[in-house]
Amino acid sequence: MRAIEIPEKFELKAVGRIRNVDGKAWIEVDEAYLEAMQGLELFSHIMVFYWFHENDTPEKRAVLKVHPCHNPANPLTGIFATHSPMRPNLIALTRCRIEKIDENKIYLDRIDAFDNSPLIDIKCYFPPDGRDVDVRTPNWVGRVKKETTA
């Protein structure tokens, strides 16, 4: 088996911006990527990849453990086991429902990104294939769900 060389650094560039203003959310895709949106109108949901730009400091990138959801009642947990915006690579992922598409704008039901977050990528969302899947989560996940629905 041939060894594959993995580069130390990768180059990412923004393909647009997330807009999140006064309870309205949309994506503005750069005009250069307009053709990449062809066929997107056939989907109800997309996966949006963006950059946690407000956490892009050496100190915040060095954080390896957090209390999930900023709640000290939750156990100190490694960031790979959370959705924390503190990460070595500040990539965020959110599934969003498309409300409409108008030229280079994709209007969404909501998004948990800050306004002007750099858009890294969009992928159409394929739902699970329907097979039963065993899912295991820690106890604090149930607390988070109850708190967010209250």
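Student: Is Gly16 buried or exposed?
Tutor: In this predicted model, local features are taken only where pLDDT is at least 70 and side-chain atom pairs only at pLDDT 80 or more, while totals for chains, interfaces and linings use all residues. Residues are numbered from 1 along each chain as its sequence is written, and side-chain values use heavy atoms, with hydrogens and water left out. A residue is buried under 20% relative accessible area, exposed over 50% and partly exposed in between, for a 1.4 Å probe and protein chains only. Because the relative accessible area of Gly16 is 2%, the term that applies is buried.

Student: Which strand holds Gly16?
Tutor: Strands are DSSP runs of E with at least two residues, helices are runs of H or I with at least four, and both are numbered from the N terminus. Residues 16-21 form the strand that includes Gly16, and its name is β1.

Student: Which residues does Gly16 contact, leaving aside its neighbours within four places in sequence?
Tutor: Contact here means heavy atoms within 4.5 Å. With those neighbours set aside, the residues in contact with Gly16 are Glu28, Val29, Asp30, Ser117, Pro118 and Leu119.

Student: How far apart in space are Gly16 and Asn116, C-alpha to C-alpha?
Tutor: Along the sequence, Gly16 and Asn116 are separated by 100 residues. In space, their C-alpha to C-alpha distance is 9.0 Å.

Student: What share of the contacts between residues at least 6 apart in sequence join residues at least 24 apart?
Tutor: This value describes the protein as a whole, and it sets aside pairs that are not at least 6 apart in sequence. Among the contacts that remain, the share joining residues at least 24 apart is 70%.

Student: Why does Thr77 count as buried?
Tutor: Thr77 lies in strand β5, which covers residues 77-78. Not counting residues up to four places away in sequence, Thr77 touches Leu64, Lys65, Val66, Pro68, Thr82 and Trp140. Thr77 counts as buried because its relative accessibility is 12%.

Student: What percentage of the residues in the protein are buried?
Tutor: Gly16 and Thr77 are two examples of buried residues. The protein has 150 residues, and the buried part of them comes to 29%.

Student: In what order do the elements of the protein run from the N terminus on?
Tutor: The secondary structure of the protein is made up of two helices and eight strands. Read from the N terminus on, with β for a strand and α for a helix, the order of the elements is β-β-β-α-β-β-β-β-β-α.
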